[in-house]
Amino acid sequence: MADNGDDDHEYKIKEGDYIVLKRGEIFKAVQIVQKKKIIFEKQWFFLDGAVGHLYGTTFEIASGGILQPQKPKNTESPSDSKEAGTDNRNIVDDGKSQKLTRDDIETLKEQGLKGQEIIQQLIENSSTFRDKTGYAQDKYIKKKKKKYENTVTILKPSCRILAMMYHGREPGKICHLRYDTLAQMLTLANIHAGSKILVFETCAGLVLGAIMERMGGYGSVVQMYPGGGPVRAGVESFGFPAHFLDTLHEFPICHVSALLAGTLDVTARDPTAGSTHEKQLSTAAEEDPNQTQAEEQNMETDTAVGAGQDQEQQEKEKRRESVLLSVYHIGQICLIISLRLRRRLVIASRFHPSPVLLGLIRFLSPSRPFVVYSQYKEPLIECYTKLKEEGGTVNLRLTDTWMRHYQVLPNRTHPVLLMSGGGGYLLSGITVATDGPKPAGPQQSEEPAPKKLKLNHTEG
């Protein structure tokens, strides 16, 4: 019994966990913080009541924003006991079929009626509900449930759920990367536990988080980032354990050219070499004159203010140490990349992929897969042409994925009318060793040259 309890503990909601809220096809990633108000789909509530329940539980939002587990419903729908018409030809949508007004519905809410009870009242006060066909009645009930049922489902974050969330809410942040295209990327790059991955992405950390989830905390990931630092908002939403982050490293892509040319200073990998940068980093941390004046004034204050100054000084020292460690960390990553270990390359960014691909592919050893994503096919066509010209790659493929949802119901199975226009394009391939220099001296063939046949001319 104890073992079952330990197994369930992993799937129970705990304070501080990152979760995904779901209502219908709408998702939102949040963190459980005690007494923090969450606003989701024009409703506010607190997540304190969800702690201790299993992931996948559906909660009802009670008065005061309190979450209560939803009670199991009857399998019968409200329309099962109602009569159904044969067709809808005589039904006119003039807005007069519903007897309840908006004020009446608000009064029912104030009386404490829940969503299912309000829907039942709407059905009973509708003059055309009985004349509708069974399919139309189910559609009507589904529409009213979406509007009046105050329920929310709490899910455990995963690659698929977060990809659907970003693609549905903010597709521009992930370069319009669709979740089925992301699955293709993980497959083509052959991501698995123990892999060593080079990643360059500007998709809010979604691709990076998907790779780390597939690896399961085993292997190493080097994130190449543009700008001042890596963006990992999507990685935080996964809620990885601490040992997952130990496999993650970062390296600025602006230093790749210097690293390939051998002109990058990697002496900072020695901890003692960090002292040469200490003065520059300390002056950079203390370059604000307002901070120095504030420190001089704080020295003349009482002991309480002096304690606050000590805390501020400790925070400053921690910031300086983190900068020193980052310099030392860059030196370590330079060595890791330069070793050309068994790696895979994944690129998904808003920048033009050609210079990035041609620069990072040189870190891959032979027989390693790579995959590049772009929202448009023209940049990938250019990459395809250049890789063909330079050689060193085989099995180059430029593909796009086509996806369409289907409604599967009794006697109503058909494709969904609304569908995604495109999920982007993928360029994938495998690196191979290029031909080495030819050996000195001509190679003599062991077989003798064929003799010429002598033809006899005959007179006709």
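**Exercise 1.** Find which residue stands opposite phenylalanine 370 in strand 16.

*Solution.* Start with the ground rules: this is a predicted model, where local features need pLDDT of at least 70, side-chain atom pairs count only at pLDDT 80 or more, and totals for chains, interfaces and linings use all residues. Numbering runs from 1 along each chain as its sequence is written, and side-chain values use heavy atoms, with hydrogens and water left out.

Next, look across to strand 16: glycine 429 faces phenylalanine 370. Then step back to the strands, which are DSSP runs of E with at least two residues, while helices are H or I runs of at least four, both numbered from the N terminus. Strand 12 (residues 369-374) and strand 16 (residues 425-431) run antiparallel to each other over six bridges; pairing takes at least two DSSP bridges.

**Exercise 2.** Work out the strand order of the open sheet and name its edge strands.

*Solution.* Lay out the seven strands as 10-9-8-11-12-16-13, with mixed pairing. Now check the ends: strand 10 (248-252) and strand 13 (393-400) each pair on one side only. Going from one strand to the next, the twist averages 15°.

**Exercise 3.** Which strands does helix 15 touch, and what angle does its direction make with that of strand 16?

*Solution.* Take contact as heavy atoms within 4.5 Å. Helix 15 (residues 377-390) packs on the sheet against strands 12, 13 and 16. For the angle, fit lines to C-alpha atoms (for helices, over the stretch in contact) and compare N-to-C directions on a scale from 0 to 180 degrees. Helix 15 comes out at about 15° to strand 16.
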